[in-house]
Amino acid sequence: MSNSTDQHSAQHGQGGQAHGSVKEYVRGLVFSIILTIVPFAMVMAGVGSTQFIIGVIMVFAVAQILVQLVFFLHMNTSSEQMWNTSSAVFVVVIVSIILIGSLWIMDHLNHNMLMGH
């Protein structure tokens, strides 16, 4: 019975470590909570200008994506993960274009709608 368990562990990699440890998941959770609370607290406290807060929110959002990819989806720079990593980079670029474009469009709409005042 022990032999079949060893074979099963060998086939799925490192005896269960391929899916991450509890310590890794807890670290990811703590980072995610911090990356959520800091921008929320800045908005609620009214710290800084609107542009500064928007910049902080966008930086923390990108950091949140990276934390999710590394700690929960276990993406790394190994050759086995190359397609997943390149797909993730593509997704981050597309999401960044959508976010920056949306903010740019809303800013110009706000400016153009208030021209008469």
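Mentor: Before we look at any packing, a quick definition: a helix axis is a line fitted to C-alpha atoms over the stretch in contact, and the angle runs from 0 to 180 degrees between N-to-C directions. Keep in mind that this is a predicted model.

Trainee: Okay, at what angle do helix 3 and helix 4 pack, and how far apart are their axes?

Mentor: Helix 3 covers residues 50-72 and helix 4 residues 82-113; they pack at about 160 degrees, with axes 12 Å apart. Angles over 145 count as roughly antiparallel, so that is the label for helix 3 and helix 4.

Trainee: Is the crossing of helix 3 and helix 4 left-handed or right-handed?

Mentor: Right-handed. On the helix 3 side, I54, M58, I65 and L69 make the contact, and helix 4 brings A88, V92, L99, I100 and L103. By class, that contact splits into nine nonpolar residues, no polar and no charged.

Trainee: Which residues does UniProt list as "transmembrane region"?

Mentor: The unreviewed UniProt entry gives 25-45, 52-75 and 87-106. In the model, residues 25-45 are 100% helix, with end C-alpha atoms 30 Å apart. Residues 87-106 are also 100% helix, and there the ends sit 28 Å apart.

Trainee: Which elements have the lowest and the highest mean pLDDT?

Mentor: Helix 1 (residues 2-12) is lowest at 48, while helix 2 (residues 22-45) is highest at 94. Residues 5-17 fall below 50, and beyond near neighbours in sequence that stretch has four contacts in the model. Across the protein, the average pLDDT is 80, and 81% of the residues score at least 70.

Key. Residues numbered from 1 in each chain as written. Predicted model: local features only at pLDDT ≥ 70, side-chain atom pairs only at ≥ 80, totals over all residues. Heavy atoms only, no water. Helix = DSSP H or I, 4+ residues; strand = E, 2+ residues; numbered from the N terminus. Parallel < 35°, antiparallel > 145°, perpendicular 65-115°, else oblique. Left-handed = near helix turned anticlockwise from the far one by under 90°. Contact = heavy atoms within 4.5 Å. Nonpolar A, V, L, I, M, F, W, Y, C, P; charged D, E, K, R; others polar. pLDDT = per-residue confidence, 0-100. UniProt positions renumbered as here; feature names shortened; annotations may be inferred.
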